[in-house]
Amino acid sequence: MNNPIMILIGFVYNLLVALILIRLIYYPKSTVQSHVFTFLAFNTVIFFVINFLSSTEMGIGMGFGLFAVFSLLRYRTDPLPIREMTYLFIIVALPIMNATGIADNNWAGMIIADGLILLTIWILEKGWGFHYEISKTIIYEKIDLIVPEKYDELKADLEKRTGVKINKIAIGKIDFMRDIAYLEVFSDQDPKYNWNRRMEAVTVSDTDDDL
């Protein structure tokens, strides 16, 4: 596709689809600025790479080759969760599909495909028909409450200190020398609830010094 007007139209269309995906579907549940920057930057650059290659076949191969390179990247300080990796795959695949559709003048098929992808991701993010549960491993200091007969008291104490309704508690490693226990706490997923920040209240912060 060598027509500058068509390249510009294709760029605007592809960017619009990416913005809908990232700003309206991904961003409300994950406000990590670096991820948003990476997704939109990848999408834009790959779209132009595909367009400026000499042939559609080479563009497709190069596009998936770029994704293969990106998938090998390992973020040592901030590993990408599986949800972000899924969005990364989608955001890389979209410009490949859109650039190919524009080059073949298949606007109808491309628009339908983009619309169905956005609709599917939106439905999945809404969680319609699914029930999600999240868990957190915590270090707990009141080991006198981990016995079976005091389960209700243990649950009430954790719910009071975390501020969430707990579904179940699994007891892991117990260290009687230091009077601590490792608990796996399960709760219903709530996108408005900052689980990690709340759990700091019940995590013994100085217990790792002697490990």
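At 42% relative accessibility, L119 counts as partly exposed, and its home is helix α5, residues 107-126. That leucine belongs to a nonpolar surface patch of about 450 Å², made together with I112, L116, W122 and I123. Keep in mind that this is a predicted model. Here is a quick tour of the rest, from the overall make-up down to single residues.

**The overall picture**

- The protein chain has 7 helices and 3 strands.
- Reading from the N terminus, you pass through the elements in the order α-α-α-α-α-β-α-β-β-α.
- Of the chain's 211 residues, 34% count as buried.
- The accessible surface adds up to about 13,000 Å², and carbon and sulfur atoms account for 62% of that.
- Take the contacts between residues at least 6 apart in sequence: 67% of them join residues at least 24 apart.

**The sheet**

- The 3 strands make an open sheet, lined up as β1-β3-β2, with antiparallel pairing.
- β1 (133-140) and β2 (166-175) sit at the edges with a single partner strand each, so one side of each has no neighbour in the sheet.
- On average, and ignoring direction, neighbouring strands here are turned by 20 degrees against each other.
- As a general reminder, strands of a sheet pair through backbone hydrogen bonds, in either a parallel or an antiparallel way.
- β1 pairs with β3 (residues 180-188) in the antiparallel sense, over 8 bridges.
- Within that strand β3, L183 is the bridge partner of I138.
- Helix α6 (residues 151-162) packs on the sheet and touches β1, β2 and β3. The direction of α6 makes about 105 degrees with that of β2.
- β2 also pairs with β3 in the antiparallel sense, here over 7 bridges.
- L183 turns up again on this side, since I171 stands opposite L183 in β3.

**The hairpin and its turn**

- β2 and β3 form a hairpin, with 4 residues between the two strands.
- D179 lies in the loop between β2 and β3.
- Phi of D179 is near 60 degrees, which is a positive value in a residue other than glycine.
- With a relative accessible area of 43%, D179 is partly exposed.

**Another positive phi, at N105**

- N105 isn't a glycine either, yet its phi is positive, at about 60 degrees.
- You'll find N105 in the loop between α4 (82-103) and α5.
- N105 has a relative accessible area of 58%, so it counts as exposed; the cut-off for that label is over 50%.

**A buried isoleucine in the helical part**

- I46 is located in helix α2, which covers residues 33-52.
- I46 counts as buried, at 1% relative accessibility.
- I46 and I96 are 50 residues apart in sequence, but their C-alpha atoms are 7.3 Å apart in space.

**Residues to click on**

- For the surface patch, look at I112, L116, L119, W122 and I123.
- For the sheet, try L183 in β3, together with its bridge partner I138 and with I171, which stands opposite L183.
- For the loops, go to N105 between α4 and α5 and to D179 between β2 and β3.
- For a buried side of the picture, pick I46 and then step across to I96, 7.3 Å away from C-alpha to C-alpha.

Notes
Residues numbered from 1 in each chain as written. Predicted model: local features only at pLDDT ≥ 70, side-chain atom pairs only at ≥ 80, totals over all residues. Heavy atoms only, no water. Buried < 20%, exposed > 50% of the residue type's maximum accessible area, 1.4 Å probe, protein only. Contact = heavy atoms within 4.5 Å. Areas by Shrake-Rupley, 256 points an atom, 1.4 Å probe, with all protein chains shown as cover. Pairing = 2+ DSSP bridges. Axes fitted to C-alpha atoms, helices over the stretch in contact; angles between N-to-C directions. Patch = residues over 30% accessible without salt bridge, like charges linked within 9 Å, V, L, I, M, F, W, Y side chains within 5 Å. Salt bridge = Lys/Arg side-chain N within 4 Å of Asp/Glu carboxyl O.
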